[in-house]
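Reader: Before I use any of the terms attached to this model, I would like to see how each one is earned. Could we take them in turn, setting value against definition?

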Amino acid sequence: MSQRRNLLFMAHNQQIYVWEPTGPWQTLGRTPSLILTPVMKDPFARGYISPTVMRHAINHIIVDELGRDEILLLATDSGNVCGYHVETFYSLIERAKTMGETLPIQEPRIEPFLCECVGASAWGLAVHKQARLIAVSCNAHTITVFAFALVDTDGQDAGSDDAETAGCSSPDCTLKQNWVTIKTPTELRSFRDRGLLHRRSHNFRLIYQGHRDNIPSVSFFNYDLVPRGDWMVSVDIANRIIFWNIWKSLHPWNEVDLRAMGYHDRRFDVG
C-alpha cells in the first residue's frame, strides 16, 4: 500500500491492479480503479518458471521512497524490472473520476522512470531512499544496483521528481537511459579513485557477484548516519548470507553460511 495516497497495488500474473479502498472499513470494490501492463525492456526475454506463456509474470512488488518520491517497483520472471511514481497513478485515477470516465482505466499510458532487464528471473528488490539506490537480485546469481545521478553534468542537484529521478530530461527517455556499467574490480576502482562514484553525475549500474545460488532477497542498511548507502545484505536459497560494501568491492565483504552453523532447511537442500 502507498503511505501517501489511499492506493493498494496488487500483482496479478503480468499486470498491476490498483485499488482505492473506500469508507471507514477501507472496502475494496469488485473491480480495481486501474489496470496496468508494465513496459518491458526486453519483451522477448524468456521466463524462468514459465519460459513463454507467462514469461513476464510478476514475482515481487514493493512500494518505497526514493529521494522525495514514493515509487512502485516490480520484478518479473523474465528478469525485467520496472519502476513507476505512485503520484502518477493517483493523478490519473483522480482525473478519470473528474472527467466521469468509466473505471477501471485499461492500459493507461504511464511511463516508468526505470525500465531495465537484469538477465534472469528477478526476485529481490530494495531501495535506499537518501542515496537513491535500487538493488535487484536474480536467478543469474548476481545483484544489480542502479545508482541514479545525484548531480547533473554541470554539478547542479539533479532533483528527484518524475523523470529527473533517473537523470532524464524528457518523459519518454526511460527506454533510452544511459547507464555506466561497472562489473569488474578495475572499473570500480577507477571510478572510485576519480571521485565519480561519490559525486555521481551519471547513472551507474553496478553488478555484484558472490552467490552461487538463486537470490530471493536483498536489502540496504537504511540509516541516517550512512547516507551513501554503503552497506547491503543478501541471502540465497542455500542459506548463505552475504554482506556487501558496495562502493569498495563488487565481491562479498563478509558472509555467513547458516548450513555450516547447523541451520539447515531441508526445503533448500540441493544435495
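Author: Let me begin with a definition: a residue is called buried under 20% relative accessible area, exposed over 50%, and partly exposed in between. The model is a predicted one, and every value below is computed from it.

Reader: Why is Glu116 called buried?

Author: Glu116 has a relative accessibility of 4%, and buried means under 20%, so Glu116 counts as buried.

Reader: What makes the contact of Arg205 with Glu116 a salt bridge?

Author: The closest N and O atoms of Arg205 and Glu116 are 3.1 Å apart, and the definition asks for a side-chain nitrogen of Lys or Arg within 4 Å of a carboxyl oxygen of Asp or Glu, which is how this pair comes to be listed as a salt bridge. Arg205 lies in strand β13 and Glu116 in strand β8 (residues 114-117), so the pair ties together parts that are 89 residues apart in sequence.

Reader: And is Arg205 buried or exposed?

Author: Arg205 is buried, its relative accessible area being 15%, a value set against the limit of under 20%.

Reader: How do you know that Lys129 and Glu65 form a salt bridge, and where do the two residues lie?

Author: Their side chains meet at 2.8 Å, N to O, where the cut-off is within 4 Å. Lys129 lies in the loop between β9 and β10 (133-138), whereas Glu65 belongs to strand β4 (residues 58-66), so the pair ties together parts that are 64 residues apart in sequence. In addition, Arg4, Glu65 and Lys129 are linked in a network of salt bridges, and a search of the whole structure finds 9 salt bridges.

Reader: Why are Lys129 and Glu65 called partly exposed?

Author: Lys129 has a relative accessibility of 36% and Glu65 a relative accessible area of 25%; partly exposed covers what lies between the limits of 20% and 50%, so Lys129 and Glu65 each take that label.

Reader: What labels do Asp230 and Arg228 receive, given that they form a salt bridge?

Author: The closest N and O atoms of Asp230 and Arg228 are 3.4 Å apart, for a cut-off of within 4 Å. Asp230, at 18% relative accessibility, counts as buried, while Arg228, at 29%, counts as partly exposed.

Reader: What surrounds Asn245, and why is Asn245 called buried?

Author: Asn245 is placed in strand β16 and has a relative accessibility of 4%, which means buried under the limit of 20%. Leaving aside neighbours within four places in sequence, Asn245 is in contact with Asp230, Trp231 and Trp253.

Reader: What makes Trp253 eligible for a nonpolar surface patch?

Author: Patch residues need over 30% relative accessible area and no salt bridge, and Trp253 is partly exposed with a relative accessible area of 45%. Trp253 is found in the loop between β16 (240-245) and β17 (254-257). Together with Phe221, Tyr223, Leu225 and Trp231, Trp253 makes a nonpolar surface patch of about 560 Å².

Reader: Why are β9 and β12 described as edge strands?

Author: The open sheet of 5 strands has the order β9-β10-β11-β13-β12, with mixed pairing. β9 (122-128) and β12 (179-182) stand at the edges, each with a single partner strand, so one side of each is left without a neighbour in the sheet. The twist averages 20° from one strand to the next.

Reader: How do you know that β12 pairs with β13?

Author: Pairing requires at least two bridges, and 4 bridges join β12 to strand β13 (residues 203-209), the two running parallel. Within this pairing, Ile182 has Leu206 of β13 as its bridge partner. Helix α2 (residues 185-193) lies across β12 and β13, running at about 125° to β12.

Reader: What makes β1 and β2 a pair as well?

Author: Strand β1 (residues 8-12) and strand β2 (residues 15-19) pair in the antiparallel sense over 5 bridges, where at least two are required. Met10 has Tyr17 of β2 as its bridge partner. The hairpin of β1 and β2 has 2 residues between the strands, and Asn13 takes a positive phi near 55° there.

Notes: Residues numbered from 1 in each chain as written. Predicted model: local features only at pLDDT ≥ 70, side-chain atom pairs only at ≥ 80, totals over all residues. Heavy atoms only, no water. Patch = residues over 30% accessible without salt bridge, like charges linked within 9 Å, V, L, I, M, F, W, Y side chains within 5 Å. Areas by Shrake-Rupley, 256 points an atom, 1.4 Å probe, with all protein chains shown as cover. Buried < 20%, exposed > 50% of the residue type's maximum accessible area, 1.4 Å probe, protein only. Axes fitted to C-alpha atoms, helices over the stretch in contact; angles between N-to-C directions. Contact = heavy atoms within 4.5 Å.
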